[in-house]
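Q: Hi! I've got this structure open and I'd like some help finding my way around. Could we go through it together?

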Amino acid sequence: MYAHIEGTVAEKTSDSIVLDAGGVGYLLMVSAQTLSDAPSVGDRMKLYCWLSVREDALELFGFSTREEKRMFERLRSVTGVGSKSALAILSSLPLKDLTLALVAGDAQALTRAPGIGKKTAQRLVLELREKVEQSELVGAASAPGTIRQGPEAEAVAALMALGYASSEAARAIGAVAGKSEKVDELIFLALKNLGQ
């Protein structure tokens, strides 16, 4: 129903922003990232919106980027993850780290969000791992190469099993992406680069 709302920031709290647009104050629930992106009260801002319709309430959720909104919608598509849980996940992990955690199968990283237990985190990884788009992963990995599903994603998971953080593992594999189709060779090349 609402694609975006642009207006003056009238109020900010720890989890919401009120945008004054055309004389109407819209209360939007936001993530910690969107809140940190928000300008000072009195300045203009554009938020991409998602409307939650429940029996007892209508709630607007706002996002500073389309990518964050898209991830919110994906998170909500998972059974057992509602709007508030999805927002909590977005608040607990930067979007790039969340993207990497999903692709690399790092369910432990997702349990940092309040209300997200081990089973829900595993379900999120299982259902969303394949839905992360190549363009999102390239931006998240911040590496010259790209990470594809298959051997490269498996190599990232293997490095994480060796104790590397999801972002570090993804960058290391991204740097050697396309140099081999074999998981063990990708891991060897990545470890060689990490050891320099």
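Q: Let's start with helix 8 and helix 10: which residues meet there?
A: Happy to help! From helix 8 you have Pro-151, Glu-152, Glu-154, Ala-155, Ala-158 and Leu-159, and they meet Val-183, Leu-186, Ile-187, Ala-190 and Leu-191 of helix 10. Keep in mind as we go that this is a predicted model.

Q: What classes of residue are in that contact?
A: The contact of helix 8 with helix 10 has 9 nonpolar residues and 2 charged ones, with no polar residues.

Q: And at what angle do helix 8 and helix 10 pack?
A: About 55 degrees, with their axes 9 Å apart. That makes helix 8 oblique to helix 10.

Q: Is that crossing left-handed or right-handed?
A: Helix 8 and helix 10 make a right-handed crossing.

Q: What about helix 9 and helix 10, how do they pack?
A: Helix 9 covers residues 166-176 and helix 10 covers residues 183-194; the angle is about 110 degrees and the axes are 9 Å apart. That makes helix 9 roughly perpendicular to helix 10, because angles of 65 to 115 degrees count as roughly perpendicular.

Q: Which residues should I click on for that one?
A: In helix 9, pick Glu-168, Ala-172, Ile-173, Ala-175 and Val-176. Their counterparts in helix 10 are Leu-186, Leu-189, Ala-190, Asn-193 and Leu-194. Sorted by class, this contact of helix 9 with helix 10 has 8 nonpolar, 1 polar and 1 charged residues.

Q: OK, changing topic to the strands. In what order do the 5 strands of the barrel run?
A: The order is 1-2-3-5-4, in a closed barrel with mixed pairing. From one strand to the next, the twist averages 55 degrees.

Q: Can we walk around it? How do strand 1 and strand 2 pair?
A: Strand 1 (residues 4-12) and strand 2 (residues 16-21) are antiparallel, with 4 bridges. One pair to look for is Lys-12 with its bridge partner Ile-17 in strand 2.

Q: Then strand 2 and strand 3: how many bridges join them?
A: There are 6 bridges, and the two strands run antiparallel. Ser-16 stands opposite Met-29 in strand 3. The hairpin of strand 2 and strand 3 has 2 residues between the strands, and Gly-22 takes a positive phi there, near 65 degrees.

Q: Next in the order is strand 5. Do strand 3 and strand 5 run parallel or antiparallel?
A: Parallel, with 3 bridges joining them. Met-29 turns up again here, with Phe-61 as its bridge partner in strand 5.

Q: And how does strand 5 pair with strand 4?
A: Those two are antiparallel, over 6 bridges. Cys-49 has Gly-62 as its bridge partner in strand 5. A hairpin with 4 residues joins strand 4 to strand 5.

Q: What joins strand 4 to strand 1?
A: 5 bridges do, and the strands run antiparallel. Glu-6, for instance, has Lys-46 in strand 4 as its bridge partner.

Q: Which strands does helix 2 touch where it packs on the sheet?
A: Helix 2 touches strand 4 (44-53) and strand 5 (58-63), and its direction makes about 15 degrees with that of strand 4. Helix 3 (residues 83-92) packs on the sheet as well, touching strand 3 (24-30), strand 4 and strand 5. The direction of helix 3 makes about 20 degrees with that of strand 5.

Q: How does helix 2 cross helix 4?
A: Helix 2 (residues 66-76) and helix 4 (residues 95-104) have axes that come within 11 Å and cross at roughly 40 degrees. That makes helix 2 oblique to helix 4. The crossing is left-handed. Glu-67, Glu-68, Met-71 and Leu-75 of helix 2 make the contact with Leu-95, Leu-98, Thr-99 and Leu-102 of helix 4. In that contact, 5 residues are nonpolar, 1 is polar and 2 are charged.

Q: Last thing: what feature does UniProt place at residues 73-92 and 108-127?
A: The unreviewed UniProt entry lists "domain: Helix-hairpin-helix DNA-binding motif class" for both spans. In this model, residues 73-92 are 70% helix and 0% strand, with the end C-alpha atoms 16 Å apart. Residues 108-127 are 65% helix and 0% strand, and their end C-alpha atoms are 15 Å apart.

How values were computed. Residues numbered from 1 in each chain as written. Predicted model: local features only at pLDDT ≥ 70, side-chain atom pairs only at ≥ 80, totals over all residues. Heavy atoms only, no water. Axes fitted to C-alpha atoms, helices over the stretch in contact; angles between N-to-C directions. Parallel < 35°, antiparallel > 145°, perpendicular 65-115°, else oblique. Left-handed = near helix turned anticlockwise from the far one by under 90°. Contact = heavy atoms within 4.5 Å. Nonpolar A, V, L, I, M, F, W, Y, C, P; charged D, E, K, R; others polar. Pairing = 2+ DSSP bridges. UniProt positions renumbered as here; feature names shortened; annotations may be inferred.
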